[in-house]
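Here's a quick tour of a protein for anyone just starting out with structures. Have a look at the picture, then use the notes below to find your way around.

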Amino acid sequence: DVDDDDDDDDDDDDDASSFQAENQINPMLRPVSEMAVHRSIAATLHQLGVLATKTRPPRYEKARLLLEEALKLEGMHKGYTSTVYTAATLTQLGKIAVRCGRLAEAKEHLESGLAILTRVYTSELHVNVASVRYQLGILWERLGRIDKATYHLTQALRIRQKVYGTQHLEVAYTLHELGRLERQRGDLQAAEEYFQEQHSTLTAIYNTNMSADKRQKLIHETLTCVYALRNLYKDQGRTDKMKECGLDIQQLKRKLVADDANLDTKAALHLPVLAPECISVALALRSRLRRLVKSKSSHKSVGMYDEVLGEVEAALEQAEFETQHADDADPDELGEDMKRMTGKLISVLRCLQSEIKSVVSTQKLKLDSKTIFACCDDIREIGRSCGIRVEDVVEKKTKNSGSKAGKSKLQTSSSKTRNKQQRNLDNNASDVNEPVQRKK
């Protein structure tokens with residue numbers, strides 16, 4: 001760590017001479033301090049890059065730039081710590097490349113990271129090795145190599161079970177991916193075993209005393225698992241097991257609604273699907289676009305629009321990926337609805353992509369508000385169709401507009417009063433010549 005304590009001293013010459021003397025006594029002092037500073041900055045850039053991938057929507061382009069800068073600093077010094085940091089950064093860059101569809105780039109990063117960790121660690125039983133192998137499994141599955149994907153995911157599962165034990169969320173994720181691969185291979189029995197083991201793991205982890213966010217995450221993962229099991233039972237013609245899964249799904253949805261105030265209760269309980277992740281990402285993107293269009297700030301730049309374009313493209317990539325994997329769900333219920341919703345979302349995101357690209361290319365720095373608001377309305381309706389409560393915040397009126405509105409109301413009410421008084425006078429005048437009629 002770098003010592004940040006600054007001692008007050010009025011004699012600058014003494015400070016300079018002391019620093020020079022220390023360098024003469026210990027010539028390694030300066031390079032060690034510089035290495036520590038670089039390592040600290042690289043670690044900070046790495047963490048910022050990871051955080052950028054976890055925002056909604058994920059800011060993959062921003063994360064990539066931060067991680068590449070961290071990689072440069074990590075490569076300036078050799079040693080055990082710097083090498084491990086380099087492997088971790090390469091893993092994150094590979095993960096981002098997989099999500100964005102740059103598979104060749106992802107393969108290069110992930111294989112480089114695995115080679116470094118294999119050379120550094122004496123044993124493969126380390127969470128960093130498991131993380132790289134898990135991402136390699138996802139990559140090879142995207143490339144259509146089920147055999148290689150199964151190998152890497154099996155190794156990741158073995159390591160995670162040794163390090164974490166059987167009751168851990170990372171173990172459950174790996175089991176689910178292996179179940180999906182076996183289903184693609186056609187071995188439904190092996191797929192069922194993996195999904196059943198995943199379900200047992202998630203049930204053991206679930207605890208009502210845990211945080212609401214973690215509980216929601218577990219419920220979503222359990223729902224995904226139960227849908228996968230229901231799919232397998234349908235292929236096998238086991239209607240009794242399908243009914244059991246249907247009851248489990250309704251019970252899990254009730255738990256989800258009880259924990260999440262943003263879900264519309266009636267819509268969520270009768271909804272055949274849970275909202276795909278890309279729709280949640282698109283709703284967060286929608287909020288940012290609305291703020292950007294309404295903002296009257298003069299500090300808008302091409303870089304700002306370029307960053308928004310990166311978020312739109314990341315959301316589009318995720319929507320296309322989820323559409324391709326919609327067949328993992330029930331084809332009669334979940335798959336078709338998911339394809340319909342994500343298909344509509346993809347067309348909306350492409351419209352946004354085209355509009356923002358034109359702004360970046362021409363550097364006019366002004367979006368077509370009519371187009372953006374129309375796309376935002378479409379995203380809102382897609383979210384509501386998934387049972388998500390979407391409420392737009394109406395801006396409060398300013399004092400001037402409020403006073404004008406107040407004056408107009410007063411003028412309207414006073415004119416109504418005058419009209420009423422005039423009608424009363426007219427009625428009284430007519431009553432002089434007409435007899436009074438008593439009400440029965």
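What follows is a short briefing, grouped by topic.

Keep in mind that you're looking at a predicted model. The protein is built with 17 helices and 0 strands. It has 440 residues, and 39% of them count as buried.

**The big picture**

- If you take the contacts with a separation of 6 or more, 66% are between residues 24 or more positions apart.
- About 25,700 Å² of the protein is exposed, and 50% of that comes from carbon and sulfur atoms.

**The nonpolar cores**

- The largest nonpolar core holds 54 residues, and the ones touching the most other members are Leu 136, Leu 139, Phe 195 and Leu 223.
- Helices H4 (80-99), H5, H6, H7, H8, H9, H10 (212-236) and H11 (239-259) each put at least two residues into this core.
- H10 gives the largest share of this core, with 10 residues.
- There's another core apart from this one, made of 33 residues, including Val 308, Leu 309, Val 348 and Leu 352.

**A closer look at helix H7**

- H7 runs over residues 146-164, which makes 19 residues.
- From the first C-alpha to the last, H7 reaches 26 Å, close to the expected 27 Å.
- Plenty of names to spot here: the buried residues of H7 are Ile 146, Ala 149, Thr 150, His 152, Leu 153, Gln 155, Ala 156, Leu 157, Ile 159 and Arg 160.
- What do the buried residues of H7 pack against? Their partners are helix H6 (127-142), helix H8 (169-185) and helix H9 (188-205).
- Right after H7 comes Gly 165, with a positive phi near 95°.

**A nonpolar patch on the surface**

- Leu 125, Val 163 and Tyr 164 make up a nonpolar surface patch, and together they have about 240 Å² of accessible area.
- Where is Leu 125 found? Look in the loop between helix H5 (103-120) and H6.
- Leu 125 counts as partly exposed because its relative accessibility is 41%, and partly exposed means a value between 20% and 50%.

**Thr 53 and its neighbours**

- Thr 53 sits in helix H2, which covers residues 29-53.
- Is Thr 53 buried or exposed? Its relative accessible area is 14%, so Thr 53 is buried.
- Setting aside neighbours within four places in sequence, Thr 53 is in contact with Pro 58, Tyr 60, Ala 63 and Ile 96.
- Thr 53 and Arg 64 are 11 residues apart along the chain, and their C-alpha atoms are separated by 9.1 Å.

**Salt bridges**

- How many salt bridges does a search of the whole structure find? The search turns up 17 salt bridges.
- One of them joins the side chains of Arg 59 and Glu 311, at 3.6 Å from N to O.
- Arg 59 is in the loop between H2 and helix H3 (60-74), while Glu 311 is in helix H14 (residues 302-324), so this pair ties together parts that are 252 residues apart in sequence.
- The two partners have their own labels: Arg 59 counts as partly exposed at 26% relative accessibility, whereas Glu 311 is buried, with a relative accessible area of 3%.
- Arg 59 and Glu 311 also belong to a network of salt bridges that includes Arg 288.

**Salt bridges inside a single helix**

- Here's a handy rule: an α-helix has 3.6 residues a turn, so residues three or four places apart point the same way.
- Glu 111 and Lys 107 lie 4 residues apart in helix H5, about one turn of the helix, and their side chains meet in a salt bridge at 3.3 Å, N to O.
- Glu 111 is partly exposed at 36% relative accessibility, and Lys 107 is partly exposed with a relative accessible area of 29%.
- Asp 377 forms a salt bridge with Arg 380, and their closest N and O atoms are 3.6 Å apart.
- Why are Asp 377 and Arg 380 separated by about one helical turn? Because they're 3 residues apart in helix H16 (residues 369-385).
- Asp 377 counts as partly exposed at 31% relative accessibility, while Arg 380 is buried, with a relative accessible area of 17%.

Notes: Residues are numbered from 1 along each chain as its sequence is written. This is a predicted model: local features need pLDDT of at least 70, side-chain atom pairs count only at pLDDT 80 or more; totals for chains, interfaces and linings use all residues. Side-chain values use heavy atoms; hydrogens and water are left out. Buried means under 20% relative accessible area, exposed over 50%, partly exposed in between (1.4 Å probe, protein chains only). Contact means heavy atoms within 4.5 Å. Accessible areas come from the Shrake-Rupley method with a 1.4 Å probe; for residues, only the protein chains shown count as cover. The expected span of a helix is 1.5 Å times one less than its number of residues. Patches are made of residues with over 30% relative accessible area and no salt bridge: like charges are joined within 9 Å, nonpolar side chains (Val, Leu, Ile, Met, Phe, Trp, Tyr) within 5 Å. A salt bridge is a side-chain nitrogen of Lys or Arg within 4 Å of a carboxyl oxygen of Asp or Glu. A nonpolar core is a set of buried Ala, Val, Leu, Ile, Met, Phe, Trp, Tyr and Cys residues joined through side-chain atoms within 4.5 Å.
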